[in-house]
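Thank you for making time for this today. I would like to walk you through one structure slowly, so please keep the sequence and the picture in view while I talk.

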Amino acid sequence: MDIFALYQNEQDYPDLKEEEAVRHLSEAVQVNTTSYLDTSRIDYAAFDELHRKLQQWYPQIMKEGTYQEIDHSILIKVEGSDPSLRPALLMAHQDVVPVVAGTEQDWQHGPFSGDIAEGYIWGRGTLDIKEMMIGELEALEYLLEHGKKLQRTLYLAFGQDEETIGSGAQMIASCLEREGVQLEFVLDESGRVSSGEVYGADVAVGSIGIYEKGYADMKLVSESVGGHSSNPFHGTSLQLLAEAITTICQNPLPAVLPDCVKESLRILAPYIKEGPLKEYVQDIDAHEQEIIAYYLSKEDLNNQIRTTIAPTMISGGSQAGNVMPQKMEAVINFRLAAQDSNASLLEHCQKLLKEEVDPEYIMANEASRVSRYDTFGFALLQQTLEHYFKDIVFVPAVNTGATDARSYEGICDCVLRFGPFLEDREIRKKGVHGTNERISRRAYLQGIRVLIRLMDMAC
Ligand SMILES: [Zn+2]
């Protein structure tokens, strides 16, 4: 799929200062704001440097709005004139993931070079997600420079540690909560665009995340006495563990068609021209079981409707072929669908397993709350995206990864996850958290146009 074939209205805002916007992103990338779980490794001076730059680059925002640092996170507020309108909040995060040691040489342009070359801005954070942070600031500065007077209050919120523990977003959200703020909508990164092929549709599909799946790492431990492998009469710990893993994988919790998936099929129905879904979408409720079976059979769809099970780690095996292992451990990673809870998943696994293998969580987060999509915010985002991208239908969807956005659930019932910077799929796949992360000028500038229009219409 050629993502750029979907672009339109790139001529909007002809006086947008494109070179300046590109240079700001380039310079922001050069400031190494890598996040580490071990906070002693974080270079907080780099965050301070980034903050100084942002305050310099956006004089109009600084003049008309308030700029606040909460720990190293940033909250910007531009007050609207109509207090009866609930504020909107646009998010991003300042931090980036580390460059994997030993891969620095594989970058065509250094990970913190911010090089502007071959039509791209290069470096860590250009796709995740400094382009969104700088893009939001460019968009707001543009509007204020052009004399825009906001009716609805607008917040920009940039966490400091989304890639690790997300404490920044939590602090900002609780700060707003204390002030009694209730938000109309929140926009964060994530979401995706795919060709409509898997649906049999003749349009591309833009998935706007309305909730995030849960996350659980479950540890399984098995023990056996070990010894000489010539008499494995009671089986080995490895055998027990393998059986346990297989049992869990073969007995998933039931898949359920969430309302947002049904709604997305209703929206897509007129565009579905071939394949089994064509008939099913004529009456979704009557064909629910067939639709579930279809989704489960597709790599691109199955994880939207069920809790996934991925055995990821195993340790403690014997060092020799003729020696039986003793204590062994495995980890299974689950991504929980909204209908399942960590407690119900654990209970389910306990029932499945023999007494010899005891499951327990190393860590477990529930799925986020499901946002509403019959809302002003969702419709506005949909319309704005449709203005800039043709032949894409935007639908509410499940987010299979995690973001900072869930921190705002307490003060907003419409938390949307969709980054408007639509880059080529291959570049995105390799670049995000990978090597040669880069964004094309074209994707970057178009994303800024989306944000300008979105802020303009929302506020
Ligand atoms: Zn991110």
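Let us begin with Leu 241, which, once we leave aside its neighbours within four places in sequence, is in contact with Leu 220, Ser 222, Met 328, Ala 330 and Val 357. Please bear in mind that what we are looking at is a predicted model. Leu 241 also belongs to the largest nonpolar core, which has 121 residues, and it is among the members that touch the most other members, together with Leu 89, Leu 140, Val 186, Tyr 408, Leu 416 and Met 455. Where does this core lie with respect to domain 1 and domain 2? Both domains give residues to the core, so it lies between them. As for the domains themselves, domain 1 covers 3–190 + 403–458 and domain 2 covers 213–365, and their centres, taken over C-alpha atoms, are separated by 35 Å.

Let me turn next to β7, residues 185–188. Both of its faces are covered, with Phe 185 and Leu 187 buried on one side and Val 186 and Asp 188 buried on the other. This strand pairs with β3 in the parallel sense over 3 bridges, and there Ala 88 stands opposite Phe 185. Another 3 bridges join β7 to β17, and these two strands also run parallel, with Arg 417 in β17 as the bridge partner of Asp 188.

From there we can move to helix α11, residues 376–388, where we can check the length: at 1.5 Å a residue its 13 residues should span 18 Å, and because the end C-alpha atoms are 19 Å apart, the two values agree. Several residues of α11 are buried, including Phe 378, Leu 381 and Leu 385, and the buried residues of this helix pack against β7, β9, β16, β17 and α13. Of these partners, β16 is mostly covered, with 7 of its 8 residues buried. It is joined to β9 by 8 bridges, the two strands running parallel, and Ser 207 stands opposite Val 395 of β16.

Helix α4, residues 130–145, can be treated in a similar way: it has 16 residues and reaches 22 Å from its first C-alpha to its last, close to the 22 Å expected. Is this helix enclosed or exposed? Since 15 of its 16 residues are buried, α4 is largely enclosed by the rest of the structure. Just after α4 comes Gly 147, which takes a positive phi of about 80 degrees.

There is also an open sheet of 3 strands, in the order β4-β5-β18, with antiparallel pairing. Its edge strands are β4 and β18, each of which pairs on one side only. Strand β5 and β18 pair over 3 bridges, and Ile 121 has Ile 439 of β18 as its bridge partner. Lying across β5 and β18 is α13, which runs at about 70 degrees to β18.

I will finish with Glu 104, found in the loop between β3 and β4. Why does Glu 104 count as exposed? Residues with 12 or fewer other C-beta atoms within 10 Å are classed as exposed, and Glu 104 has 12 such neighbours, so it falls in that class. Not counting residues up to four places away in sequence, Glu 104 touches Val 99 and Pro 111, while Gly 321, 217 residues away in sequence, is 39 Å from Glu 104 in space, C-alpha to C-alpha.

How values were computed
Residues numbered from 1 in each chain as written. Predicted model: local features only at pLDDT ≥ 70, side-chain atom pairs only at ≥ 80, totals over all residues. Domains from an automatic or database assignment. Helix = DSSP H or I, 4+ residues; strand = E, 2+ residues; numbered from the N terminus. Expected span 1.5 Å × (residues − 1). Buried ≥ 20, exposed ≤ 12 C-beta atoms within 10 Å, placed from the backbone. Contact = placed C-beta atoms within 7 Å. Pairing = 2+ DSSP bridges. Core = buried A, V, L, I, M, F, W, Y, C linked by C-beta atoms within 7 Å. Axes fitted to C-alpha atoms, helices over the stretch in contact; angles between N-to-C directions.
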